[in-house]
Amino acid sequence: MRIMSTSHAANPDRLLPADPGTRDIARRLLASVEDLPIISPHGHLDPTMFTTNDPFPNPTQLLISPDHYLCRVLRSAGYEMSQLGVGGHECDPREAWRIFCSNWGLYAGTATGYWVEQEFEHVFGINPDRISGKNADDLYDELSEVLKRPDFRPRALAEEFNLEVLATTDDPLDDLAPHKELRDDASFTTRMLPTFRPDAYTKMYKPEFAANVEKLIAVAGDGKTGYEGYLQALRNRRQYFIEAGATSSDHGTHNADTTPLDADEAQRLLDKGLKGEATFEEALAFEANMTYRFAEMAQDDGLVMTLHPGVYRNHSESAFAKYGADTGHDIPFKMEYTNGLRPLLSAFGENKDFNFVIFTIDETTYSREIAPLAGYYPAVYAGAPWWFIDEIDAMNRFRQYTTGTTGFSRYSGFIDDTRAYCSIPARHNTSRRVEANYLARLVAEHRLTEDRAAEIIVDLIDASPRRVFKL
Amino acid sequence: MRIMSTSHAANPDRLLPADPGTRDIARRLLASVEDLPIISPHGHLDPTMFTTNDPFPNPTQLLISPDHYLCRVLRSAGYEMSQLGVGGHECDPREAWRIFCSNWGLYAGTATGYWVEQEFEHVFGINPDRISGKNADDLYDELSEVLKRPDFRPRALAEEFNLEVLATTDDPLDDLAPHKELRDDASFTTRMLPTFRPDAYTKMYKPEFAANVEKLIAVAGDGKTGYEGYLQALRNRRQYFIEAGATSSDHGTHNADTTPLDADEAQRLLDKGLKGEATFEEALAFEANMTYRFAEMAQDDGLVMTLHPGVYRNHSESAFAKYGADTGHDIPFKMEYTNGLRPLLSAFGENKDFNFVIFTIDETTYSREIAPLAGYYPAVYAGAPWWFIDEIDAMNRFRQYTTGTTGFSRYSGFIDDTRAYCSIPARHNTSRRVEANYLARLVAEHRLTEDRAAEIIVDLIDASPRRVFKL
Amino acid sequence: MRIMSTSHAANPDRLLPADPGTRDIARRLLASVEDLPIISPHGHLDPTMFTTNDPFPNPTQLLISPDHYLCRVLRSAGYEMSQLGVGGHECDPREAWRIFCSNWGLYAGTATGYWVEQEFEHVFGINPDRISGKNADDLYDELSEVLKRPDFRPRALAEEFNLEVLATTDDPLDDLAPHKELRDDASFTTRMLPTFRPDAYTKMYKPEFAANVEKLIAVAGDGKTGYEGYLQALRNRRQYFIEAGATSSDHGTHNADTTPLDADEAQRLLDKGLKGEATFEEALAFEANMTYRFAEMAQDDGLVMTLHPGVYRNHSESAFAKYGADTGHDIPFKMEYTNGLRPLLSAFGENKDFNFVIFTIDETTYSREIAPLAGYYPAVYAGAPWWFIDEIDAMNRFRQYTTGTTGFSRYSGFIDDTRAYCSIPARHNTSRRVEANYLARLVAEHRLTEDRAAEIIVDLIDASPRRVFKL
């Protein structure tokens, strides 16, 4: 660890329980995992940052523009996404930085605010209590200086962060050249994994669907056409990913329906989709079929399958018209797994060699659906709390709502799912503290011995992600 | 504060955390807000109580009959609403009082019970531990004496309560004479605000709809007819309310749908509704359109818009047949905001001068929908926990489920929403204690400095409601 | 209590709050109820175990095979239900025991694990910290010896457990001979109650429906036929149950719909159902009608009615094909009560002599629907947390989500709902600790005096189940 300031963000007891007896237990549990390497089996970094290893251009492009958690808060305060450089918009980075610093108070109590403080404290060695409108320019200059240093280049940070495994999320037609280059580069010790993410090829309700699918079939369909060629191409590209090191495929579906279609019906819907004539209901039926088909493919090729449903993408029509997709206004909605997943699980859920990780953004499903499913089906793992619910209290709730039914063995391990590179250590450290906090309570309530808790926390942090993601 | 008894209800640490270290922090935070004036931007008192300033007739009419929280509990124990004077039914007030006191044990652990204790302790200076069937007559007599005193008349209590702002909820055709009278009366220092509540003019499924709408158009439609006259009349009455001091309109819709209709379709549904021929689905479609239209009007006239959906009104057919509407059997149901609000928010949610406060009675929406919406849209504020979920533990949950995503800046400020005048100080004090409790935990967990927490709590209690309700 | 080991499972403070001040209060509250007799008004034991009073054959058949909570965990780890003797499958009991012991780590943090530890500690006097693959054979042998002792036969354990009331769940055509025998046996002091559970006669979507109903009408229909004979037969069998000591009927419906049908429509659906031609929707409509009709019958015969909706039975098609029904893969789904129960409650909910206990497995309904319904309707009681949500943290949540609205008086009392005989003391003890924990917090927060809390906990544990189940 670098030199630290004496801010509250450096307090070694942060996030641990206030009760002194329980806190002592938590401290001991945390000590056994705090310095373990980081395993990040699902995330959204651009792998070329490690091939080029260019210095980060400025504080704004490193810390603000790519972090939609952080930008949404400023949007809610009335700032424009364009002022923050979101979605590829040009902005004055210093001006964006000033906006951020002047509105620092908005982040009090948020997970994002906590992570930023941790980054300042533990990555940059700057006291986060200094963040304010008044200090914006000074901080910008100081950080700019830091970013010029060789030990703040992407690769040096990966080493500093103790980043053992790092997954990216990739288009099925991506050539994965950076992954291959990094794998062959003995000087880079982080294991980089591509992840097969075929959403752009399964969602007929997206305008780019037809062009994507046509290209996919043409490039990888082995000369076959239609639905048959489509499936073949997906199979081939999965294989390509596996050869480049992938261990999982990821699926950001609208809902959790997995009803399969017979080949004729799938062909009929695909035809409509390619002509842009599918209704939203038809598009969802096709997507559900494909979720089923990807599970089917996984029976053969062994890729771990992760599911991320339940988010209304591009919620604001006016913002979409102005800034395009993925600019901060994705909103969760009510999710249903028990009925939706039944076809897939009835067919493949009893296969213990198939690893199927279910994520949710609707925490009402924790005790009602996720834990009972993960607590019965050998294939099912409860995904770590994700996105809006990866904040500290919500992570605690995940434990409280699932563990009584499933124990600790059906957990995916933590995923950071981030585009914000420097937040990775803070996110993983938060997760370790939350686990220590929860386990310490079980020990304090005599539900677990401390010896057993000490074994469990190491398993959760280190062994679970390796096991579940087949690393 | 008046003379206090030594009951547990007077304990200065009530509702604060049990952990000694955290409690000390909470005490200090509470001290900075406990004596701030009360700002009540949404409630249901009758403003004429302040123009006439008559003494309250007896303990039952002050404390029991108007308080549906309190009466429901007695109904669940088998008493008839008519025995308690609910819904305008005549009852023997002393007999109702005896019923209440004899069943005091039922209130243990409830928010209502806590408020009643606080009222006894801090408003009437009577030890709440004395409440029992045995003491019912004595307490009735003591309270009756108290109510004759000049310092227990409505205006004197307003001063005693430190009531700076008090909103009522009013029919669009109300002449608001009491509000005007009070505004012009320099001796009354509470700022009284009317609130524009047009529900009775938008719900075709209510029997009085046609008569209401016809009167509205005739009185305020500027001679226009049909849907055009209807919209014009609503616009005019909003203006009338604004001139009388209103800053917000309130909408108790069935669900959160906001799909707009074109003028022809709206006219067609309005015609059916006026003839009593609209189906429930058509009535809801019209209501959804009107929610959208009120937001549209707010873009012009600047009224804050508050939404209170998700309650099944008059759930018991047998009770409705016996006692009529609004007699205690309104039951919440599952709510959905992400899809429902999308039309309204796509059109107006990015306007930072439009303040749109979303209340929920379904707390499953806190982390899934309310916090993400309030954490992105500049227009959206998360409404304080309401009705069944304004009890103490539920208020704590609101903080825990929303703050990690939205921070503190997107909060409406506390609203008491009450018909029970003497419970107002207890409700606001409870809210202040809950905020102190939550913030103290963040400080104890080193997620916030105590200095910052001290600023935040003042902002939450004092500045938020002023800012959000444009006071 | 038998001799205890010194494992953490014997700690007298287990499950009590960690904060020392609150824990002291909780200890005192617990002391007043820990040794009260067990009242178990809903469960699934086979009553013949008490008429034959045979020794339990081996540890596996006593502790593993009948406990679907325990077997699901092993299934999730990839073991076959057949290896564990589930669903009547033959298994090598020692081999099953080895599987269980070797996988003991999977139970850390689960309710099931906690109960097993308590059974070892307090029923068998064996230190649960010894459970491991290494010790499996030793433990099997030791337990086998224990099970041969006369004081470990079913009746002796009933006395040891202080089992005052024990209900079973029975088929309407059951002759209830064991119940009658036990009632007439002065040497057996536990009061055995049959429970009328007519699910097998109301679910058209089950293959055995037609045969069941035809037999029912023939046997008990008083010579009437069709829907009329069907209703008459059910009325007659309820009477038969009442004469054998039943005080309640139990209903495991798919959802909470209670819309009644007129006699013609009911007859039409019944005819289709008997021919196996009813759609799933028609079957649900018939089931909803029957839920209404059972409530109607209860107005006459006074049986308490308990409702257990919201579980998708036999979720895995492949497991169902392999092992048949009820083999561990029942999964909860989203539940709705406010609309569904309205017909039943509008007709019968205001009858305070009708006791209607609503259970839920979807805890999102606690504050939104269950508490508001139980806090208004004189007939409605909030059922204790059930199945997946009867684990420790979930039981705490039940209190936190319902008590603020309903207080303590609208609670069903704890039910163990179990097939695992030796877990009964642990389950009831857990419930007593959870109540002490919750009440201690209210006292520590000055929301309740300790004297009042001490009265409440006795009422919850002892008086509530007697009152609600009319014992």
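Guide: Welcome! A salt bridge here is a side-chain nitrogen of Lys or Arg within 4 Å of a carboxyl oxygen of Asp or Glu. This is a predicted model in which local features need pLDDT of at least 70, side-chain atom pairs need 80 or more, and totals for chains, interfaces and linings use all residues. Residues are numbered from 1 along each chain, chains are lettered from A and ligands numbered from 1 as written, and side-chain values use heavy atoms, without hydrogens or water.

Visitor: Which residue of chain A pairs with B:Arg447 in a salt bridge?

Guide: Five salt bridges are found across the interface of chain B and chain A. In the one formed by B:Arg447, the closest N and O atoms are 3.0 Å apart. Its partner is A:Asp393.

Visitor: Which elements of chain B give two or more residues to the side that touches chain A?

Guide: Elements here are DSSP runs, with helices being H or I over at least four residues and strands E over at least two. On the side of chain B that touches chain A, those giving two or more residues are α15 (342-348), α16 (365-374), α17 (392-406), α18 (424-444) and α19 (450-468).

Visitor: How many residues does each chain bring to that contact?

Guide: Contact means heavy atoms within 4.5 Å. Chain A contributes 49 residues, while the count for chain B is 44.

Visitor: What kind of axis relates chain C to chain A?

Guide: Chain C can be laid on chain A with an RMSD of 0.0 Å, using a turn of 120 degrees and a shift of 0.0 Å along the axis. The two copies are thus related as by a three-fold rotation axis.

Visitor: What share of the interface residues of chain C are also interface residues in chain A?

Guide: The copies meet through different surfaces, because the shared part of the interface residues of chain C is only 8%.

Guide: Let us turn to single residues.

Visitor: Is B:Thr112 buried or exposed?

Guide: B:Thr112 sits in helix α6 (residues 111-124) of chain B. Beyond its neighbours within four places in sequence, B:Thr112 touches B:Tyr69, B:Leu70 and B:Tyr107. The classes are buried under 20% relative accessible area, exposed over 50% and partly exposed in between, with a 1.4 Å probe and protein chains only. At 5%, B:Thr112 is buried.

Visitor: How many residues apart are B:Glu287 and B:Lys203?

Guide: Their side chains meet in a salt bridge of 2.6 Å, N to O. B:Glu287 belongs to helix α13 (residues 280-301) of chain B and B:Lys203 to the loop between β3 (191-193) and α10 (209-220), so the pair links distant parts of the chain, 84 residues apart.

Visitor: What is the relative accessibility of each of these two residues?

Guide: Both ends of this pair are buried. B:Lys203 has a relative accessible area of 8%, and B:Glu287 has 3%.

Visitor: Which residue does C:Arg238 meet in a salt bridge?

Guide: C:Arg238 is buried at 0% relative accessibility, whereas its partner is partly exposed at 21%. The N to O distance is 2.7 Å, and the partner is C:Asp301.

Visitor: Which helix holds both C:Arg452 and C:Glu455?

Guide: These two form a salt bridge, with the closest N and O atoms 2.8 Å apart. C:Arg452 is partly exposed, at 26% relative accessible area. The two residues lie three residues apart, about one turn of the helix, in α19 (residues 450-468) of chain C.

Visitor: How many salt bridges does the structure hold over all chains?

Guide: Some share partners, joining A:Arg94, A:Glu95, A:Arg98, A:Asp137 and A:Asp141 into one network. Over all chains, the total is 115.

Note on methods
Least-squares fit on C-alpha atoms with pLDDT ≥ 70 in both.
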